[in-house]
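Here's a walk through this fold, from its sheet to a few backbone oddities. Have the viewer open as you read.

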Amino acid sequence: MDHLARYLALQDILNRHEALWRPAPFHISRPAWCARYPEWAGQALQLSDAEVERLNADNPGLIEWAGEFVPELRALQALIELPRLERSADADSVNGRLAWGMPGRKQAQAEAFAEAVDEIDSPITEWCAGKGHLGRLLAVRSQQPVLSLDFDATLCREGELLAERAHVDQHFVRADALEPHSARHLAGRHAVALHACGDLHLALLRGAVAQHAAALDLSPCCYYRSLDAVYRPLNPEGVLQLTRDELHLPVTDTATAGARDRRLRDRAMAWKLAFVKLREELAGVPSARTFKPVPSSWLSLGFEAWCRRLAEREGVEVPAQYDWPALEAFGGQRQREVMRLSLVRHVFRRPLEVWLALDRVLYLERAGYRVRLAEFCGRGLTPRNLFISARRLSRCGHNIANSPFMD
Ligand SMILES: C[S@@+](CC[C@H](N)C(=O)[O-])C[C@H]1O[C@@H](n2cnc3c(N)ncnc32)[C@H](O)[C@@H]1O
C-alpha cells in the first residue's frame with residue numbers, strides 16, 4: 001500500500017470513529033460512546049489494574065480488543081504496521097570518548113537512529129541537537145562534517161566540548177529553529193533530527209524543502225508543541241483538524257516509564273480530578289476547563305496543601321473546613337475510571353501518530369523527495385520510534401540511481 005492510500009485509509013477510520021477518540025474521559029466523565037457501546041464501556045470499567053497496564057503497553061492488543069466491539073477497527077492493525085530497521089546483531093555500541101556524556105537510553109536511541117540512516121554523502125546538519133549526541137555518532141560513521149543547531153547556549157557549549165574530546169568534526173551553532181533565517185543551515189545538506197518537537201520539526205521540513213536539502217532523516221515527537229491551537233494537515237487530501245489536546249493523544253504512550261513514575265502519574269491525575277470537582281463545586285467552573293500544568297514537585301505537599309496551593313493559583317476560594325479525605329477518595333475513583341475509559345481512546349493513539357507521520361511523508365514526496373516511513377527501534381527503547389527518511393530526487397538522477405528506496 002502506498003503512503004497516500006495508507007494515509008487516506010487511516011484518515012477514513014479516524015474520521016468515522018472520532019466519537020471514540022476525540023472526547024477525553026478526563027474532561028467528560030462518560031463520553032457519548034459509553035451509551036452507544038454499553039458492553040464495551042462496562043467491560044473497560046471492570047478491567048483490573050494489571051489488564052489496564054498490559055493493554056496500555058500493547059497497541060496491537062488494544063486494536064484486537066476494540067475489534068471485539070467494533071469489528072471494522074481490526075483494519076487498523078495492518079495500517080499501523082511498519083518495517084522495523086533493526087540494528088544488526090553485531091553492531092558495536094560506541095564506547096570511550098565517543099560515548100562520554102551520553103545517558104544510557106539516549107545513547108541506545110542515538111545508536112539505533114544512526115544505524116537506520118543508510119548513506120550520507122553530504123555534510124550533516126543536526127536540527128535541535130541538544131548536546132549533539134546523534135551528530136557525534138554520525139560524524140564518525142559518515143566522515144562528513146556536522147553542524148549541530150540548538151538554541152540553548154549551555155547545550156551548545158557542552159556539545160562543543162564533547163566533540164573536541166571525541167576528536168570529531170562537529171561544530172555547534174546557537175540558533176532558533178523557528179526563525180525562517182535558520183533554514184539557511186540546511187541548504188544542500190543532509191538534515192537529521194532525533195526527537196524534534198512539533199513546530200520544530202515542521203520548521204525543519206519546510207526549511208529543508210525551501211533550501212533543497214539533499215536528504216532528511218527525522219524522528220518526530222511531541223506533535224502538540226505548537227503555537228497553533230488547531231493542527232491543519234500539510235496536504236490537500238488531509239481533512240483531520242486536531243486540537244492541541246487531541247495532538248497530545250499520540251504521545252500519551254509511556255512504554256518506558258518505570259513503576260515509580262507511573263505511581264506518581266496516577267497520583268497527579270487523581271488529585272487533578274479531585275481539584276476539578278472542588279473548583280466546580282466552589283466556583284462553578286465547568287469541568288472541561290483546562291488549567292496550566294501543575295509542578296510535579298507540589299505532590300510532596302500532601303493532598304490538602306496541594307489543593308490549597310492550586311486553588312490559590314487558580315483564584316478559587318477554599319473554606320477553612322472541608323472534607324478532604326472524601327475529595328481525595330473521589331479523585332482516586334475518577335482516576336481509575338479515566339484510566340479504563342481512556343483505553344478506548346488509546347486504540348487510536350498509534351493510528352493517529354502514523355497518520356501525522358504520513359502527513360509529513362506526503363509533504364516531502366510532493367516536494368520531490370523519495371521517502372520511507374519505518375521504525376528505527378523497538379518501542380521499549382522509545383515509543384517515539386517513527387523514522388521518516390527522505391532523499392531528494394535530483395534532476396541528474398544521481399540520487400535516484402543510488403537510492404536504497406527504489407522498489
Ligand atoms: C527533545 S530535545 C532533543 C535533543 C536531541 N535531539 C536529543 O534527542 O537528545 C529538543 C531540543 O530542542 C531544543 N530546542 C527547543 N526549542 C528550540 C528552538 N526554538 N530552536 C532550536 N532548538 C530548540 C532544545 O534546547 C533541546 O535541546
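The backbone of our tour is an open sheet of 7 strands, ordered S3-S2-S1-S4-S5-S9-S8, and its pairing is mixed. At the edges sit strand S3 (170–174) and strand S8 (369–375), each with a pairing partner on one side only. Going from one strand to the next, the twist averages 15°. Keep in mind that this is a predicted model.

**Around S4**

Let's zoom in on strand S4 (residues 190–196). Is S4 largely enclosed or not, and why? 7 of the 7 residues of S4 are buried, so the strand is largely enclosed by the rest of the structure.

S4 has neighbours in the sheet on both sides, with S1 and S5 flanking it in the strand order. Strand S1 (residues 124–126) pairs with S4 in the parallel sense, over 3 bridges. Strand S5 (residues 215–220) also runs parallel to S4, and 6 bridges join these two. As a reminder, strands of a sheet pair through backbone hydrogen bonds, either parallel or antiparallel.

If you want to check the register residue by residue, start at valine 192. Its bridge partner in S5 is aspartate 217, while glutamate 126 stands opposite valine 192 in S4. Further along, leucine 194 has serine 219 as its bridge partner in S5.

Helix H11 (residues 198–210) lies across S4 and S5. Its direction makes an angle of about 165° with S4.

**Helix H14 and its two sides**

Now move to helix H14 (residues 303–313), where Trp306, Cys307 and Leu310 are buried. Why do these three end up on the same side of H14? They cover an arc of only 95° around the axis, which puts them there together. What do the buried residues of H14 pack against? That would be helix H13 (259–283). On the face turned away from the buried side of H14, you'll find the exposed residues Ala305 and Glu312.

**Positive phi values**

After H14 comes glycine 315, with a positive phi near 70°. Most residues other than glycine have a negative phi, and most peptide bonds are trans. That makes a pair of non-glycine residues worth a look; here they are with glycine 315 for reference:

| Residue | Phi | Location |
|---|---|---|
| Glycine 315 | near 70° | after H14 |
| Histidine 167 | near 55° | loop between helix H10 (153–166) and S3 |
| Cysteine 222 | about 40° | loop between S5 and strand S6 (230–231) |

How do the two loop residues fare for exposure? Histidine 167 counts as exposed because it has 11 C-beta neighbours inside 10 Å. Cysteine 222 has 18 C-beta neighbours inside 10 Å, so it counts as partly exposed. Histidine 167 sits in the loop leading to the edge strand S3, and cysteine 222 sits in a loop that adjoins S5, the strand joined to S4 by 6 bridges.

**The ligand shell**

Last stop: the ligand. Which residues come nearest to it? Of the 16 residues around the ligand, those are Cys128, Gly130, Phe151, Asp152 and Ala177. Sorted by class, the shell holds 9 nonpolar, 3 polar and 4 charged residues.

Note on methods
Residues numbered from 1 in each chain as written. Predicted model: local features only at pLDDT ≥ 70, side-chain atom pairs only at ≥ 80, totals over all residues. Pairing = 2+ DSSP bridges. Helix = DSSP H or I, 4+ residues; strand = E, 2+ residues; numbered from the N terminus. Axes fitted to C-alpha atoms, helices over the stretch in contact; angles between N-to-C directions. Contact = placed C-beta atoms within 7 Å. Near = placed C-beta within 6 Å. Nonpolar A, V, L, I, M, F, W, Y, C, P; charged D, E, K, R; others polar. Buried ≥ 20, exposed ≤ 12 C-beta atoms within 10 Å, placed from the backbone. Arc of directions from axis to C-beta.
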